[in-house]
Amino acid sequence: MERPFQWISRILSLGLRYDQATAVGPAFQQEAWIRKIMKEVKKHTYSLETPLSDVTFILLDTETTGFSPQRGDEIFSLAALKTKNGEPLDLYCSNFRPKRRIPEHVEVLTGITNDDVACAPLLEEEIHHILSFLNHGILLGYHIQHDVAFLNEFLSRNYRTVLQQTTIEMRKIMECIYHDSFPTLDDALSFYHLTPIDRHTAKGDVMSLFEMWKRVFIELQQLQLIRCTTYMRYLVNVRK
């Protein structure tokens, strides 16, 4: 019989890892430093036996100029909230100056204009702060494959590496718990009767996600042992 409340095992069963890609890029000193950070991440992975309350989860969201990093779309805003035991620890938030203009419809959607980012740092000027912040945690987000794909494309193209952290899709956790469909963040927030905070901004979506995560975290801890065995079998077989 499995041990009671080994939720980290179930959460990790939903994890996604991205194979390292190769690309040629400049800034070799920066690249060496980033590769060192990636190696540190590998050394600080969580065991399946780690209690859920001891795991650092980092909620992540980005705003991008489009949907295809391979075709030149870029991140122009990123927010990450570090949490542990359902409580906030630290917040990183920054806009970036993309090399291509933010399309008008994206400006309307996010409320972030080209003028707003005209004096913002380039992503390459902030990437070491971002990676340091994301280090030693499990990344968690809604449709997080989008966010990770953009970060990985940037890291692969410029530094010949990719993120090494376990990445978990929040939508899958919700759907596993409640056996219902939550296609969008708005659907998940509505389920908890939560009002979005500055929707379609990186910081706002991360803070909205945190309000939802607090409730999901409590739900995961309060699930009865009688449901554990069945639940474990279900979650283990749900992968992206």
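1. Welcome to this chain; a good place to start is how it is held together along its sequence. Among the contacts with a separation of 6 or more, 74% join residues that are 24 or more positions apart. Please keep in mind as you read that this is a predicted model.

2. Next, the overall layout. There are nine helices and five strands in the chain. Read from the N terminus, the elements follow the order α-α-β-β-β-α-α-β-α-β-α-α-α-α. The chain has 240 residues, and 51% of them are buried.

3. How far can you trust the coordinates? The mean pLDDT of the chain is 82, and 73% of the residues score at least 70. By element, strand 2 (residues 75-84) has the highest mean pLDDT, at 98, while helix 9 (residues 228-236) has the lowest, at 43. Two stretches deserve a note of their own. Over residues 1-5 the pLDDT stays under 50, and the model gives them 12 contacts beyond four places in sequence. Residues 17-27 also stay under 50, with 33 contacts beyond four places in sequence. Where pLDDT is low, predicted coordinates should not be read in detail.

4. Now to the open spaces, beginning with the largest pocket. Its volume is about 470 Å³. A lining of 21 residues surrounds this pocket, and T62, E63, F67, H146 and H200 are the ones nearest its centre. Strand 1 (56-64), helix 3 (104-110) and helix 5 (144-159) are the elements that each contribute two or more residues to this lining. What classes of residue make up the lining of the largest pocket? It divides into 10 polar, six nonpolar and five charged residues.

5. The second largest pocket holds about 200 Å³ of space. It is lined by 16 residues, and those closest to its centre are E74, I75, L123, F154 and R157. Helix 4 (123-134) and helix 5 are the elements that supply two or more residues here. Helix 5 gives the largest share of this lining, four residues. By class, eight of the lining residues are nonpolar, seven are charged and one is polar. Helix 5 is thus a useful landmark as you look around, with two or more residues in the lining of the largest pocket and two or more in that of the second largest pocket.

6. There is enclosed space too. The structure contains two cavities of 30 Å³ or more. The largest cavity has a volume of about 50 Å³, and its lining consists of L60, D61, G141, Y142, L185, D205 and L209. Two or more of these residues come from strand 1, and two or more from helix 8. The lining has four nonpolar residues, two charged and one polar.

7. F154, met above among the residues closest to the centre of the second largest pocket, is worth a second look. Which atom of F154 lies 2.9 Å from a polar side-chain atom of N158? It is the backbone oxygen of F154. N158 itself sits in helix 5, and N158 counts as buried because its relative accessibility is 18%, which is under the 20% cut-off.

8. F154 also lets us relate helix 5 to helix 4, where I127 is found. I127 and F154 are 27 residues apart in sequence, and their C-alpha atoms are 9.6 Å apart in space. Is I127 buried or exposed? I127 has a relative accessibility of 0%, so it counts as buried.

9. Finally, two backbone angles are worth checking on screen. Most residues other than glycine have a negative phi. H143, which is not a glycine, has a positive phi of about 55°. H143 lies in the loop between strand 4 (138-141) and helix 5, and is partly exposed, with a relative accessible area of 35%. H193 is likewise not a glycine and has a positive phi of about 60°. Where does H193 lie? It is in the loop between helix 7 (185-191) and helix 8 (202-222). H193 counts as exposed because its relative accessible area is 73%, which is over the 50% cut-off.

Note on methods: Residues are numbered from 1 along each chain as its sequence is written. This is a predicted model: local features need pLDDT of at least 70, side-chain atom pairs count only at pLDDT 80 or more; totals for chains, interfaces and linings use all residues. Side-chain values use heavy atoms; hydrogens and water are left out. On a 1 Å grid over the protein atoms alone, a cavity is a set of points where a 1.4 Å probe fits but cannot get out, and a pocket is an open set with protein on both sides within 12 Å along at least five of seven lines; lining residues have an atom within 4 Å of a point. Grid points are joined across faces, edges and corners, and a volume is the space filled by probe spheres set on the points. Ala, Val, Leu, Ile, Met, Phe, Trp, Tyr, Cys and Pro count as nonpolar, Asp, Glu, Lys and Arg as charged, and the others, Gly among them, as polar. Buried means under 20% relative accessible area, exposed over 50%, partly exposed in between (1.4 Å probe, protein chains only). A polar contact is a pair of N or O atoms within 3.5 Å; within protein, one must be able to donate a hydrogen and the other to accept it, and residues adjacent in sequence count only if both atoms are side-chain atoms. pLDDT is the predictor's confidence in each residue, from 0 to 100. Contact means heavy atoms within 4.5 Å.
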